[in-house]
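Student: I have a structure to go through and would like to work from its parts to its ligands. Where should we begin?

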Amino acid sequence: MKKKIALITGVTGQDGSYLAELLLKKKYIVHGIIRKSSSFNTGRIDHLYIDPHYKTNFFLHYGDLTDSNTIYNLISQIKPNEIYNLGAQSHVGVSFENPEYTAEVTGLGTLRILEAIRFLKLKNIKFYQASTSELFGKKFDKSFNENSNFYPKSPYGASKLFSHWITKIYRESYDIFASTGILFNHESPRRGETFVTKKITRFLARKFYGLEKTLFLGNLYAKRDWGHAIDYVEMQWKILQQRKPDDYVISSGKSYSVKDFVNEACKQIGFKIIWVGKGLNERAILINKNKRSTLIKIDKRYFRPSEVDYLIGDSKKAFKELKFKPKYNFKSLIRDMLNHDMSLAKKDSLLLNND
Ligand code: NAP
Ligand code: F7E
């Protein structure tokens with residue numbers, strides 16, 4: 001049987017790396033687009049890469065979502081059966097600082113791919129768009145599903161809304177198999193270090209080995225519906241295996257605050273903490289025998305000009321149609337992230353002590 005060919009934008013990211021792994025296991029030929037960088041940006045996929053002079057099913061190409069010609073040429077040469085558009089400027093906070101760039105990549109980047117598919121008349125291509133719970137900024141109902149109202153609160157959310165809707169328009173106008181996964185927050189040991197979960201687990205692990213002093217966070221009271229990236233990338237693949245293109249919400253159905261995340265992670269690592277103060281003066285105090293020290297402080301620079309306060313997903317449709325059955329929950333997600341970060345911190349502390 002002929003092997004399926006997939007093209008992944010954002011292959012060097014958290015999801016791209018897990019998806020590439022999954023598709024290679026399923027015997028796909030996988031092509032990924034990477035950006036030229038002056039330092040290595042392939043850390044998450046190095047274990048998959050084999051020099052193309054030898055036998056491999058994994059190929060990397062330089063490209064950028066802002067570069068229509070390269071996108072068009074790559075799609076035309078590779079002729080993939082499936083395209084997963086995971087590339088994005090994906091940080092909500094950064095999108096307030098670089099709004100135009102975020103719109104170029106996270107918004108228009110999607111249109112560039114869809115236009116290439118349309119011009120090339122590649123009718124058998126299936127296209128997946130990485131939509132997000134950041135489309136839902138305002139609490140209209142108890143939880144959010146495929147029919148909930150959108151109300152993005154950031155340049156990132158607005159760019160993703162453009163991408164979400166243009167995907168729908170191309171599906172309905174040109175009969176392209178174009179689907180979206182409206183994924184709620186998903187984390188993993190491979191999560192970027194400036195996202196709040198990773199910032200917390202990495203800090204706590206390093207604190208455990210005496211490598212850090214204090215962590216600075218922003219809004220502790222935002223609530224998120226957190227799942228594991230390994231569970232969620234499997235749904236990205238499943239969405240493209242359906243008979244018809246459609247939109248699916250992927251979420252855990254549970255919501256926790258940033259403070260809940262800190263409390264659970266501290267409990268798992270064995271740190272006893274108490275919270276004192278209010279607002280910008282709120283702090284987590286670490287109690288170690290009779291000694292008390294400040295573990296976490298608030299820094300207002302991590303607050304966003306506009307915040308999505310509350311997110312909880314309703315994935316009934318995915319449970320039924322995609323047989324979505326996540327293996328991880330809030331506690332086991334934190335356990336997985338902490339285990340990983342503890343082993344890295346241990347290595348760093350050994351290196352430091354050997355110097
Ligand atoms: P991520 O770790 O930030 O990865 C983003 C990827 O996009 C990286 O490979 C990055 O390349 C690439 N990229 C950035 N700018 C690009 C450009 N101009 N041209 C081409 N590629 C570019 O994100 P993720 O967490 O894996 O998320 C994957 C996708 O799902 C993103 O679209 C994100 O917005 C969306 N999403 C994520 C979540 C979540 O909770 N993780 C939830 C819903 C939706 P470099 O490595 O070179 O930076
Ligand atoms: O923030 C609060 C922050 O940056 C989560 C992206 O993958 O998921 C992600 O977006 C919450 C927010 O993720 C800090 O204000 C407090 O309320 O980890 P985050 P996000 O903004 O939810 C969605 C679904 C995506 O699509 C995005 O691509 O935590 N928070 N203190 C903080 N956040 C950060 N980053 N850093 C802090 O110090």
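Tutor: Domain bounds here come from an automatic or database domain assignment. The model itself is predicted.

Student: Into which domains is the protein chain divided?

Tutor: Each domain is written as a set of residue ranges joined by plus signs, so read the ranges as parts of one domain. The chain is divided into domain 1 (5-188 + 228-254) and domain 2 (196-221 + 257-309 + 329-354).

Student: How much area do domain 1 and domain 2 bury between them?

Tutor: Start with the separation: the centres of the two domains, taken over C-alpha atoms, are 30 Å apart. Across the boundary, 11 residues of domain 1 are in contact with nine residues of domain 2. The size of an interface is often given as the accessible area lost when the parts come together. For domain 1 and domain 2, with 60% of it on carbon and sulfur atoms, the buried area is about 920 Å².

Student: Which residues in domain 1 lose the most area to domain 2?

Tutor: Three residues together account for 47% of what the domain 1 side buries. They are F96, K153 and E187.

Student: Where does ligand 2 lie with respect to domain 1 and domain 2?

Tutor: Look at which domains give residues to the shell around ligand 2. Among the elements, α6 (196-208) and β8 (215-217) each supply at least two residues of that shell. Domain 1 and domain 2 both contribute residues, so ligand 2 lies between them.

Student: Which residues come nearest to ligand 2, and how much of its area does the protein bury?

Tutor: Of the 23 residues around ligand 2, the nearest are S90, T132, Y156, R304 and E307. An oxygen atom of the ligand lies 2.6 Å from a backbone N or O atom of S90, and one lies 2.7 Å from an N or O atom in the side chain of T132. A polar backbone atom of V196 is 2.8 Å from an oxygen atom of ligand 2. Taken alone, ligand 2 exposes 700 Å², and the share buried by the protein is 95%.

Student: How many residues of the shell around ligand 2 are charged?

Tutor: The shell also holds nine nonpolar and eight polar residues. The charged residues number six.

Student: How much of the accessible area of ligand 1 does the protein cover?

Tutor: Ligand 1 is surrounded by 25 residues, and T12, D64, S90, Y156 and K160 are the closest. A nitrogen atom of ligand 1 is 2.9 Å from a polar backbone atom of L65, while an oxygen atom is 3.0 Å from a backbone N or O atom of G13. On its own, ligand 1 has 900 Å² of accessible area, and the protein covers 90%.

Student: Which element gives the most to the shell around ligand 1?

Tutor: The elements that each supply at least two residues are α1 (14-25), α4 (99-120), β5 (126-132) and α5 (155-174). With three residues, the one that gives the most is β5.

Conventions: Residues numbered from 1 in each chain as written. Chains lettered and ligands numbered in written order. Predicted model: local features only at pLDDT ≥ 70, side-chain atom pairs only at ≥ 80, totals over all residues. Heavy atoms only, no water. Near = heavy atom within 4 Å. Polar contact = N/O pair within 3.5 Å; in protein donor to acceptor, adjacent residues only side chain to side chain. Areas by Shrake-Rupley, 256 points an atom, 1.4 Å probe, with all protein chains shown as cover. Helix = DSSP H or I, 4+ residues; strand = E, 2+ residues; numbered from the N terminus. Nonpolar A, V, L, I, M, F, W, Y, C, P; charged D, E, K, R; others polar. Contact = heavy atoms within 4.5 Å. Buried area = accessible area lost by both parts, 1.4 Å probe.
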